[in-house]
Amino acid sequence: MASKTNPGNYFEDFRIGQEMRHATPRTITTGDVALYTGLYGSRFAVQSSDEFARRIGFDRAPVDDFLAFHMVFGKTVPDVSLNAVANLGYAGGVFGAPVYPGDTVSTVSTVIGLKENSNGKSGVVYVNSIGRNQRGEMVLDYNRWVMVRKHDESAGAPETVLPELPGVVAPEALQIPKSLDLSAYDFELAGASHRWGEYAIGEKIDHIDGMTIEEAEHQIATRLYQNTAKVHFDQVAAGAGRFGKRLIYGGHIISLARALSFNGLGNGFRIAAINAGAHANPAFAGDTVFAWSEVLDKFEIPGRRDIGALRLRLVAVRDRQASDFPLRDAEGKYDSGVLLDFDYTVLIPR
């Protein structure tokens, strides 16, 4: 009798050009927003206050951009990364229409690259995923790559195809909501005074604060996003792996680091792009996360004098302060304490 259960795709199941229309569209509610705030403590005013958001042109407070990201991402897991060893990186991500409570997001992914690992036991799958709301508007278009186990290690290797991915999302590709008008932006209520012009390329910011990852919080977060990857939930499976315990979902680290970045970047009110990203080392329950940022570039927005963009590197480290800005060792390898190296673009008042 054929099995009625879904074992997920293994590396040998993927094909270039394969399109996956992912199951379970997700209506995002104010309950999701409250739970997300409870998990990470994000304090950005635009996502916290309907009135603040309306004053600058949003319909009301949009959901946190990374909450939208996780919801779009979570849809892809049963088809793309249920049998993942690790999620490896991101590139070319563009945020589109703001997401509000009550919006329903769904995701479609296309396989754009494949490369079997030299050990023949796994391979890297590259996908482009597009999340849309109930009106068909793009809310997020991004690429990621993930290491996936093979089910049959004797299965032949596919032809290697490595996609050409942009190193940075060009300023002209950023999608700025047409309704935005920052002339009434209230810096006092935002809790931060620094504008676009006060940041310098090459400037580094230690965000000072730390946050410890609790096992229960991580489990709640991944269930919130309906992320079913075995490496996060199944201790029986994880116990037989390299680390002998469950890995923290990399997106959990992204959200923690973003929330910590408020202290120094509190007016970076909207994420416009994900340029690149790498999960440098695995994280586990009990780790305490600190973060620092570097201003990689500054962009003017054509035709706008009220808003600019900062391209930022966000680095998360564990169990140590980030005041010395740890990143790589003398050999160019990531420091063992670095969890995340994330390159993204935010909008900020001028």
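In which loop, between which two strands, does Phe325 lie? The legends below come to this residue in the last view, after the whole chain, the helix contacts and some single residues of this predicted model have been shown.

**Figure 1. Overview of the predicted model, with its ten helices and twelve strands.**
The C-alpha atoms of the protein fill a box of roughly 65 × 50 × 40 Å, when the box is taken along the principal axes. For 350 residues, a compact globule would be expected to have a radius of gyration near 20 Å, and the 20 Å found for the protein agrees with this. Buried residues account for 53% of the 350 residues. If we consider contacts between residues at least 6 apart in sequence, 79% of them join residues that are at least 24 apart.

**Figure 2. Close-up of helix α1 (residues 30-40) where its axis comes within 11 Å of the axis of helix α4 (residues 65-80).**
Two packed helices are described by the angle between their axes and the distance between the axes. Here the axes of α1 and α4 cross at roughly 110 degrees, which makes α1 roughly perpendicular to α4. The crossing in which α1 passes α4 is right-handed. On the α1 side the contact is made by Asp32, Val33 and Tyr36, and on the α4 side by Phe66, Leu67, His70 and Met71. Sorted by kind, the residues of this contact are five nonpolar, one polar and one charged.

**Figure 3. Close-up of α1 packed against helix α6 (residues 215-224), with axes 11 Å apart.**
The angle between α1 and α6 is about 150 degrees, and because angles over 145 degrees count as roughly antiparallel, α1 is described as roughly antiparallel to α6. The crossing of these two helices is left-handed. In α1, the residues Asp32, Leu35, Leu39 and Tyr40 meet Glu217, Ile220, Ala221 and Leu224 of α6. The residues of the contact of α1 with α6 divide into six nonpolar and two charged, with no polar residue in the set. Asp32 of α1 can be found in this contact and also in the contact with α4.

**Figure 4. Close-up of helix α9 (residues 250-260), which is largely enclosed by the rest of the structure.**
Eleven of the eleven residues of α9 are buried, and it is for this reason that the helix is described as largely enclosed. The buried residues of α9 include Gly250 and Gly251 as well as Ile253, Ile254 and Leu256, and among them are also His252, Ser255 and Arg258.

**Figure 5. Close-up of Thr76 in helix α4.**
Thr76 has a relative accessibility of 0% and therefore counts as buried. When residues up to four places away in sequence are not counted, Thr76 touches His22, Ser81, Thr107, Ser109, Ser129, Tyr142 and Arg144.

**Figure 6. Close-up of two loop residues, Arg60 between α3 (50-55) and α4, and Pro177 between β6 (138-149) and α5 (187-190).**
Arg60 counts as partly exposed, at 31% relative accessibility, whereas Pro177, at 11%, counts as buried. Leaving aside neighbours within four places in sequence, Arg60 is in contact with Asp50, Ala53, Arg54, Tyr100 and Pro101. With the neighbours of Pro177 within four places in sequence left aside, Pro177 is in contact with Phe58, Pro98, Arg270 and Arg304. The C-alpha atom of Arg60 is separated by 31 Å from that of Val289, a residue 229 places away along the chain. For Pro177 and Gly89, which are 88 residues apart along the chain, the C-alpha atoms are separated by 27 Å.

**Figure 7. Close-up of Ile208 and Phe325, two residues with a positive phi.**
Most residues other than glycine have a negative phi. Ile208, however, has a phi near 70 degrees, although it is a residue other than glycine. Ile208 is placed in the loop between β7 (204-206) and β8 (211-212), and with a relative accessible area of 48% it is partly exposed. Phe325 is not a glycine either, and its phi is positive, at about 55 degrees. To return to the opening question, Phe325 lies in the loop between β11 (307-318) and β12 (338-349). Phe325 counts as partly exposed, at 24% relative accessibility.

Methods:
Residues are numbered from 1 along each chain as its sequence is written. This is a predicted model: local features need pLDDT of at least 70, side-chain atom pairs count only at pLDDT 80 or more; totals for chains, interfaces and linings use all residues. Side-chain values use heavy atoms; hydrogens and water are left out. Axes are lines fitted to C-alpha atoms, for helices over the stretch in contact, and angles run from 0 to 180 degrees between N-to-C directions. Helices (H or I, at least four residues) and strands (E, at least two) are DSSP runs, numbered from the N terminus. Angles under 35 degrees count as roughly parallel, over 145 as roughly antiparallel, 65 to 115 as roughly perpendicular and the rest as oblique. A crossing is left-handed if the near helix is turned anticlockwise from the far one by less than a right angle, and right-handed if clockwise. Contact means heavy atoms within 4.5 Å. Ala, Val, Leu, Ile, Met, Phe, Trp, Tyr, Cys and Pro count as nonpolar, Asp, Glu, Lys and Arg as charged, and the others, Gly among them, as polar. Buried means under 20% relative accessible area, exposed over 50%, partly exposed in between (1.4 Å probe, protein chains only). The radius of gyration is taken over C-alpha atoms; the globule rule is 2.2 Å times the number of residues to the power 0.38.
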